[in-house]
Amino acid sequence: MKIKNIRYSFIAAGLLLLGSSCGEDFLTVEPKGLPLVDNYYKDESEAFSALVAVYDIMGKQSKGFENMITMLNAGSDDFYAGGGGPGDGAGIHAFDNYKLDKINMPRSYWGDFFQGIARANILLAKLPGVDMSDAKKTRFAAEAKALRGYFYFELVRTFKNLPLILTPISPAEGYNVTQVSPEEIYAQIEKDLMEAKAVLPNKVDVPTEGGRLSKGAVQALLGKVYLYEGKNSLAAAEFADVNGTPGGTSMYGYKLLTKFSDLWVISNKFNSEAIIEIMHTDKSNADWGFWGGGADEGNSVNIMVGPRGYGRSDLTLPDYISGWSFNPVTQSLYDALKGDPRFNSTIFDLRALKASGAADYAPGDQDTGYFLKKFMPLNSDTSTGGGATALNYKQDTYAIRLADTYLMEAEALGGTGARAQALLDAVRARVGLASVPVSLDAIANERRLELAGEGHRWFDLVRTGKAATVLAGDGFVAGKNEVWPIPQKDLENTQLVQNPNY
């Protein structure tokens, strides 16, 4: 069965009508959905559809206006919020200038991942009674656990203080859940990923199973979890299997692409560098009435980061779509990348083209004239299907890719030694850069340049303790802004406690 094809057909059917926030719909199945849940899961086909529903929440990285990539970019030193004006997305602008509070914090960042956890919990509870082979049950359960671990990892990195819910709960129980320590959350994430790792196949067959998690993907995620916990030796061991010999092909078939620019070719899906890839399609007929509501499967980052009113008088220039000018590139990142071979694949310098008369655009909020090129599609990439064209771009995004795990392993090794040097060298050699002495600072700098605009920078600054210094000019307050406030509506009538200083 093709997860790539099945994914888009059943979400709107109301299979798991799960709430997206606290109060009446927090972490629970709405009462009207309970009979449907009770009657579902009769056979393998229905269980598979339920599994795909769990996978669908991974799209939070890049679909809908409130996606992770543009939000996290805005909070870093590399991008601004941008858009049409200061009121164009209260949440993303509040994160950009560190004025997030319990009122303007978008609820979906809390609710969507808990929705995924709830879907995984229901599937795990129902699987034993499904009429299907034990082997399929074991694999589906492993995938559900790995996805639950992934969603909890996203939540613990952003909100830190969470309830730990591992079974389906009733609406009444939703009011009474309490938070546990981050250490308990991390312990459960480790448990879920270790159990999944023991079961999942080393690789998946891309034509029939592209997008499903493999053992290699789960090891990469587990290594990242260990790194965030400071368990560096465990992280390095997981990454060593994923990465193999630096510059070569790993036991799982992962290998750096020869050309960095090929990473951003929209048709180059499931390439050898992709470890966990978020799928998008231009076939979901996404439209304004349900954009961001779960039934849309287009890549929203594509339309969001493009320049407004783009036009070209020099027809040799790329025919980019006109977008909404979110995430304009800061001068700091521009200067850091200028002269680097990755510049032309990462930043579109429309400021210079406008000055020369070769192209034009309508400046948006916080405009610098520099745009995030990695996610800028051409007009030829626009969907010709149904729905709103702006919401139906098909570029996949990387949750984890091989250059990322190379640099994470080098960091886990303490930024020293021959293997750490080889890992750093391989990332640089791929783009024609000479070796530099390995160190934690060199690795951090390489991560900034290699992964620019992919949503990693803010997390890197926070977890390494650099955020308070690097982001001080943006209003970052140490001891507060390392985590996000829990939305007020998701606290009302519950036992949950707001994060400190909010």
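So, a cavity first: on a 1 Å grid over the protein atoms alone, it is a set of points where a 1.4 Å probe fits but cannot get out, and its lining residues have an atom within 4 Å of a point. Grid points are joined across faces, edges and corners, and the volume is the space filled by probe spheres set on the points. The idea behind that is simple: rolling a probe the size of a water molecule over the atoms shows where empty space is left.

Before I go on, two housekeeping sentences. What you have in front of you is a predicted model, so local features need pLDDT of at least 70 and side-chain atom pairs count only at pLDDT 80 or more, while totals for chains, interfaces and linings use all residues. Residues are numbered from 1 along each chain as its sequence is written, and side-chain values use heavy atoms, with hydrogens and water left out.

Okay, cavities. Searching the whole structure turns up six of 30 Å³ or more, and the largest has about 170 Å³ of space in it. Who sits closest to its centre? Out of 17 lining residues, that would be Gln61, Arg157, Lys224, Ala399 and His456. As for the elements, and by those I mean DSSP runs numbered from the N terminus, helices being H or I with at least four residues and strands E with at least two, the ones that give two or more residues to this lining are α4 (68–75), α7 (134–158), α11 (215–229) and β8. By character, the lining splits into nine nonpolar, four polar and four charged residues. For the record, nonpolar covers Ala, Val, Leu, Ile, Met, Phe, Trp, Tyr, Cys and Pro, charged covers Asp, Glu, Lys and Arg, and the others, Gly among them, are polar.

Keep Arg157 in mind, one of the residues closest to that cavity's centre. Its charged end sits over the ring of Phe459, 3.7 Å from the ring centre. Sitting over a ring means that NZ of Lys or CZ of Arg is within 6 Å of the ring centre and within 35 degrees of the ring normal. Lys60 does this too: its charged end is over the ring of Tyr109, 4.4 Å from the centre.

On to ring against ring. How many aromatic pairs does the structure hold? It holds 33. The one I'd like to show you is Phe95 with Trp458: the ring centres are 5.2 Å apart and the planes are at 75°, so this pair is edge-to-face. The rule is that rings of Phe, Tyr and Trp (its six-membered ring) pair if their centres lie within 6.5 Å, with planes under 30 degrees apart counted as stacked, over 60 as edge-to-face and the rest as tilted. The pair ties together distant parts of the chain, with Phe95 in helix α5 (residues 90–96) and Trp458 in helix α20 (residues 457–463), 363 residues apart. Both partners are tucked away: Phe95 is buried at 1% relative accessibility, and Trp458 is buried at 0%. Buried here is under 20% relative accessible area, exposed is over 50%, and partly exposed is in between (1.4 Å probe, protein chains only).

Now back to β8, which helps line the largest cavity. Strand β8 (residues 397–401) pairs with β3 in the antiparallel sense over four bridges; at least two DSSP bridges are needed for a pair. Across from each other you'll find Glu277 and Tyr398, and likewise Ile276 and Ile400. Strand β3 (residues 274–278) has five of its five residues buried, so it is largely enclosed by the rest of the structure. β8 is mostly covered as well, again with five of five buried.

Last stop, the backbone. Most residues other than glycine have a negative phi, and most peptide bonds are trans. Ser325 has a positive phi, near 60°. You'll find Ser325 in the loop between β4 (311–312) and α14 (331–337). Asn501 has a positive phi as well, about 70°, and lies in the segment after α21 (467–470). Which of these is buried and which is exposed? Ser325 is buried, with a relative accessible area of 3%, whereas Asn501 counts as exposed at 57%.

Methods. On a 1 Å grid over the protein atoms alone, a cavity is a set of points where a 1.4 Å probe fits but cannot get out, and a pocket is an open set with protein on both sides within 12 Å along at least five of seven lines; lining residues have an atom within 4 Å of a point.
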